[in-house]
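Work through the following exercises with the sequence and the model open side by side. Each task is followed by a solution that goes step by step.

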2 protein chains.
Amino acid sequence: MNPPPEDKSAPQRTQAASTAGIPFVFSAPSGTGKTTVCQHLRSLLPNLRFSISHTTRPPRPGEVDGRDYFFVTREAFEKNIADGELLEWARVFDNYYGTTRATVDAATREGADLLIEIDVQGAKTLRGMEFPAVFIFLLPPSLDELASRLRRRGTDAEDKIEMRLATGREEIRALPLYDYAVVNVDPAQAARDIAAIMQAEHHRTGRFSAPAEDIRGLLTSDD
Amino acid sequence: MNPPPEDKSAPQRTQAASTAGIPFVFSAPSGTGKTTVCQHLRSLLPNLRFSISHTTRPPRPGEVDGRDYFFVTREAFEKNIADGELLEWARVFDNYYGTTRATVDAATREGADLLIEIDVQGAKTLRGMEFPAVFIFLLPPSLDELASRLRRRGTDAEDKIEMRLATGREEIRALPLYDYAVVNVDPAQAARDIAAIMQAEHHRTGRFSAPAEDIRGLLTSDD
């Protein structure tokens with residue numbers, strides 16, 4: 001798939017916004033088009049980092065180790081779990097998926113926004129531990145369209161597609177867990193919507209730190 | 001209050017976002033540059049409506065009745081108060097300022113986003129009545145810069161400028177009342193930040209209504 005063209009309307013961060021990096025948790029039912037939306041996001045927001053998950057599932061055709069996932073053995077993954085190196089992990093369809101603490105810690109330390117692509121199970125875990133992230137859910141336009149996309153992708157047998165659809169329906173029910181819902185009608189538009197969400201979140205009052213000392217003084221004094 | 005009638009002619013937002021209009025409360029200390037930011041917003045978002053306040057203060061040079069404010073007499077304003085036609089009103093510096101319910105009701109009915117420019121007193125009143133708006137505060141880069149801007153504007157005598165600065169300091173202390181803080185370093189950038197906030201708010205899960213019946217069904221069923 002070709003990378004999306006550069007977009008001149010890409011939001012510019014400024015000194016006006018919070019300078020601390022924000023982790024964004026990003027989930028979508030299988031087949032919703034999350035990967036394509038992320039490709040558009042990469043070109044819209046060149047400074048956005050992507051948390052790459054570790055998984056024990058085998059790569060699909062075209063997937064690259066260290067770009068799409070870190071493909072690891074079951075033994076290595078289980079050692080990571082035992083060593084407490086995973087922020088969250090889950091077992092889905094007989095495979096492990098997880099996010100290492102190192103990825104998130106590096107972004108936080110360096111003030112970068114981080115997109116953490118994880119499934120609903122992972123998001124539930126992070127919510128449960130009150131992980132300070134903004135949660136975004138990408139939805140298909142409809143369940144019918146989701147089924148069509150999975151069939152068009154042609155990577156799965158019909159029984160596997162049915163399993164993915166059943167999982168997708170369950171995942172969509174978890175939407176209230178998320179802060180934002182974006183419907184993927186057009187991946188470029190969905191990416192712009194997500195970029196707007198990211199830009200807006202930097203202006204949340206709860207994250208605001210005034211650039212000038214004289215204003216910070218007003219906001220911290222009690223009288 | 002009557003439920004708004006369905007309006008098939010209402011402006012259509014992308015099917016991916018909430019189609020209901022959102023009221024945005026927008027405040028800034030005097031001299032922060034709110035008017036210039038609003039001019040940029042008008043060209044960025046041609047469908048955004050602006051709630052025009054009623055006031056009893058005299059127009060400043062260049063201000064136009066029905067564009068900047070509705071300039072009304074004290075008698076007319078007090079009749080509006082008595083008739084319950086004002087959503088909020090306040091008396092500031094010996095003058096009345098207020099927002100009529102009619103303005104807000106029309107936007108809500110027609111599915112349009114509405115920017116309600118009001119001062120901190122007005123915003124406090126709306127928060128107190130749990131008015132379902134998103135609250136945005138525009139800040140100057142610093143108090144020093146705010147003082148310079150008020151002096152450069154040249155419309156006020158020094159004692160009035162000092163009064164505005166004292167009021168501005170008090171207003172900035174009310175920032176935690178607001179959902180978002182935008183610093184006006186560059187008015188065009190501040191307008192883009194506000195436009196991103198508006199776009200993002202349409203994707204809030206709490207406002208989300210799935211475009212497809214099959215997904216709405218999932219989100220409303222209990223099992």
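In what follows, axes are lines fitted to C-alpha atoms, for helices over the stretch in contact, and angles run from 0 to 180 degrees between N-to-C directions. Please keep in mind that this is a predicted model.

**Exercise 1.** Describe how α7(A) and α7(B) are placed relative to each other, and list the residues through which they meet.

*Solution.* Begin with the two quantities that are used for such a pair: two packed helices are described by the angle between their axes and the distance between the axes. Here the axes of α7(A) and α7(B) come within 8 Å and cross at roughly 115°, and the crossing in which α7(A) passes α7(B) is left-handed. Next, list the residues: A:D193, A:A196, A:I197, A:Q199 and A:A200 of α7(A) meet B:D193, B:A196, B:I197, B:Q199 and B:A200 of α7(B). Sorted by class, this helix-to-helix contact has six nonpolar, two polar and two charged residues.

**Exercise 2.** Place α7(B) within the whole contact of the two chains, and state which classes of residue make up the side of chain B that touches chain A.

*Solution.* The contact takes 39 residues from chain B and 41 residues from chain A. On the chain B side, the elements that give two or more residues are α5 (143-153), α6 (158-173), β9 (180-183), α7 (187-201) and α8 (213-220). Of these, α7(B) gives the most, with eight residues. By class, the chain B side divides into 24 nonpolar, seven polar and eight charged residues.

**Exercise 3.** Explain why the buried residues of α1(A) lie on the same side of that helix.

*Solution.* First identify them: in helix α1 (residues 34-44) of chain A, the buried residues are A:V37, A:C38, A:H40, A:L41 and A:L44. They lie on the same side of α1(A) because they cover an arc of only 160° around the axis. Then ask what covers them: the elements include β2 (49-51), β8 (134-139) and α7 (187-201) of chain A.

**Exercise 4.** Reconstruct the open sheet of four strands in chain B, and find the helices that pack on it.

*Solution.* The strand order is β4-β3-β6-β5, with mixed pairing, and the edge strands are β4 (70-71) and β5 (86-92), each of which pairs on one side only. Six bridges join β5(B) to the antiparallel strand β6 (residues 95-100), where B:L86 stands opposite B:T100. Helix α2 (residues 74-82) of chain B packs on the sheet by touching β3 (54-55), β5 and β6, and its direction makes about 45° with that of β6(B). Helix α4 (residues 120-128) of chain B also packs on the sheet, touching β5 and β6, with its direction at about 145° to that of β5(B).

Conventions
Residues are numbered from 1 along each chain as its sequence is written. Chains are lettered from A and ligands numbered from 1 in the order in which they are written. This is a predicted model: local features need pLDDT of at least 70, side-chain atom pairs count only at pLDDT 80 or more; totals for chains, interfaces and linings use all residues. Two strands pair if DSSP finds at least two bridges between them. Two residues are in contact if their C-beta atoms, placed from the backbone, lie within 7 Å. Ala, Val, Leu, Ile, Met, Phe, Trp, Tyr, Cys and Pro count as nonpolar, Asp, Glu, Lys and Arg as charged, and the others, Gly among them, as polar. A residue is buried if 20 or more other C-beta atoms lie within 10 Å of its own, exposed if 12 or fewer, and partly exposed in between; C-beta atoms are placed from the backbone. The arc is that of the directions from the helix axis to the C-beta atoms. A crossing is left-handed if the near helix is turned anticlockwise from the far one by less than a right angle, and right-handed if clockwise.
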